[in-house]
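This report describes the empty spaces in a protein and the place where its ligand sits. The sequence and structure are shown first.

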Amino acid sequence: MAVVQQVMIVTGAGGGMGKAILQHQLAQGNIVVGLDLSVASLAELAHENLQTYEANVLQEDRIQAVFKEVYDTYGRIDGLVNALGIAQAATPIEQVSMDEWNRLMDVNVKSLFITTKAIVPYMKERKKGSIVTIASISAVRPRPGLQAYIASKGAAESFTRGMAIELAAYQIRVNTIHPGPADTQMLSQFTAHGADVEQTKQDVFVQSVPLGRLIDPNDIAGAVSYLLSDAASMVTGTTLHVDGGRGL
Ligand SMILES: NC(=O)c1ccc[n+]([C@@H]2O[C@H](COP(=O)([O-])OP(=O)(O)OC[C@H]3O[C@@H](n4cnc5c(N)ncnc54)[C@H](O)[C@@H]3O)[C@@H](O)[C@H]2O)c1
């Protein structure tokens with residue numbers, strides 16, 4: 001049976017997980033569209049099936065225009081992966097500013113509203129689609145001082161469930177992945193101000209994973225590939241923990 005080439009859009013494509021997701025999708029022969037504030041880290045991937053856009057996902061007009069361009073070019077959009085995000089340095093709530101709270105909610109939650117709203121018309125038209133959002137195991141297994149980040153990831157999971165029921169009639173599946181502590185540049189940003197980053201990585205993050213190592217971006221990319229694929233055709237509204245048991 002001939003394999004159909006699908007079109008996947010990935011936000012946060014320049015990040016640790018985003019880049020691994022692009023690589024897995026390209027290896028499967030798909031057309032991949034990557035968006036990020038900076039796509040410089042993607043230059044080395046140069047591939048005929050990879051298209052990149054430097055874009056702020058909080059700019060709704062820009063996202064609507066990019067998705068339209070992708071649909072007009074390829075005539076289909078099969079998958080959306082929300083892999084962007086920002087971290088919070090562990091901070092007691094009394095010291096968290098309203099600006100910091102709003103920034104985390106904007107980037108980690110409002111962005112999901114913007115991308116989902118923009119993609120749904122194209123998926124509804126074809127009565128098919130898969131949306132995957134990278135949230136965090138911290139939503140259900142919190143650490144102290146990450147209250148705004150944790151709230152944003154809980155909202156991402158609730159939003160996913162809300163969209164899964166709203167879009168089921170159109171055969172559009174919507175799922176969340178909860179990674180555990182992952183080996184990307186973001187991990188160091190969760191460290192409290194003034195704490196030793198490498199020591200925190202070993203003493204706090206690696207120690208918290210029952211399977212004994214940090215999550216590799218490829219672990220996440222593999223789970224994304226499954227949720228985007230027809231192998232998951234009856235999976236919607238669920239959350240897949242890719243956390244080495246951190247959530248237990
Ligand atoms: N690294 C971890 O330990 C960890 C653990 C659990 C969950 N997560 C989540 O996984 C996802 C991916 O994280 P990562 O580890 O790859 O981090 P990363 O920092 O390597 O990548 C995040 C990317 O998002 C991009 N981005 C941020 N704001 C944007 C915006 N407004 N518009 C476009 N792009 C924007 C950044 O430029 C960056 O390239 C995030 O949602 C993160 O919260 C990470």
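Which residues line the largest cavity?

## The cavity

The model is predicted. The residues lining the largest cavity are Asn 82, Leu 84, Asn 108, Leu 112, Thr 133, Ile 134, Lys 153 and Ala 156. Two or more residues of this lining come from each of helix H3 (98-126), strand S5 (129-134) and H4. By class, the lining of the largest cavity has four nonpolar residues, three polar residues and one charged residue.

A search of the whole structure turns up one cavity of 30 Å³ or more. The volume of the largest cavity is about 30 Å³. Rolling a probe the size of a water molecule over the atoms reveals where empty space remains.

## The largest pocket

The largest pocket has a volume of about 780 Å³. It is lined by 40 residues, and those closest to its centre are Ala 83, Leu 84, Gly 85, Ile 86 and Met 186. The elements giving two or more residues to this lining are H1, strand S2 (31-36) and H4. H1 contributes the most, with three residues.

Sorted by class, the lining of the largest pocket contains 22 nonpolar, 13 polar and five charged residues. What takes up the space of the largest pocket? The ligand does.

## Residues around the ligand

The shell around the ligand holds 27 residues, of which Asp 36, Leu 84, Tyr 149, Thr 184 and Gln 185 come nearest. Leu 84 also appears in the lining of the largest cavity and among the residues closest to the centre of the largest pocket.

Helix H1 (16-27) and helix H4 (147-167) each provide at least two residues of the shell. H4 also gives two or more residues to the lining of the largest cavity and to that of the largest pocket. By class, the shell is made up of 15 nonpolar, 10 polar and two charged residues.

## Polar contacts and burial of the ligand

Backbone atoms of Gly 15, Gly 16 and Leu 37 take part in contacts with the ligand. For Gly 15, a backbone N or O atom is 3.2 Å from an oxygen atom of the ligand. For Gly 16, a polar backbone atom lies 2.8 Å from an oxygen atom of the ligand. For Leu 37, the partner is a nitrogen atom of the ligand, 3.5 Å from a backbone N or O atom of the residue.

How much of the ligand does the protein bury? Taken alone, the ligand exposes 830 Å², and the protein buries 93% of that area.

Definitions and conventions: Residues numbered from 1 in each chain as written. Predicted model: local features only at pLDDT ≥ 70, side-chain atom pairs only at ≥ 80, totals over all residues. Heavy atoms only, no water. Near = heavy atom within 4 Å. Polar contact = N/O pair within 3.5 Å; in protein donor to acceptor, adjacent residues only side chain to side chain. Areas by Shrake-Rupley, 256 points an atom, 1.4 Å probe, with all protein chains shown as cover. 1 Å grid on protein atoms, 1.4 Å probe; cavity = no way out; pocket = protein on both sides within 12 Å on 5 of 7 lines; lining within 4 Å. Sits in = over half its atoms within 2 Å of the grid points. Helix = DSSP H or I, 4+ residues; strand = E, 2+ residues; numbered from the N terminus. Nonpolar A, V, L, I, M, F, W, Y, C, P; charged D, E, K, R; others polar. Points joined across faces, edges and corners; volume = space filled by probe spheres on them.
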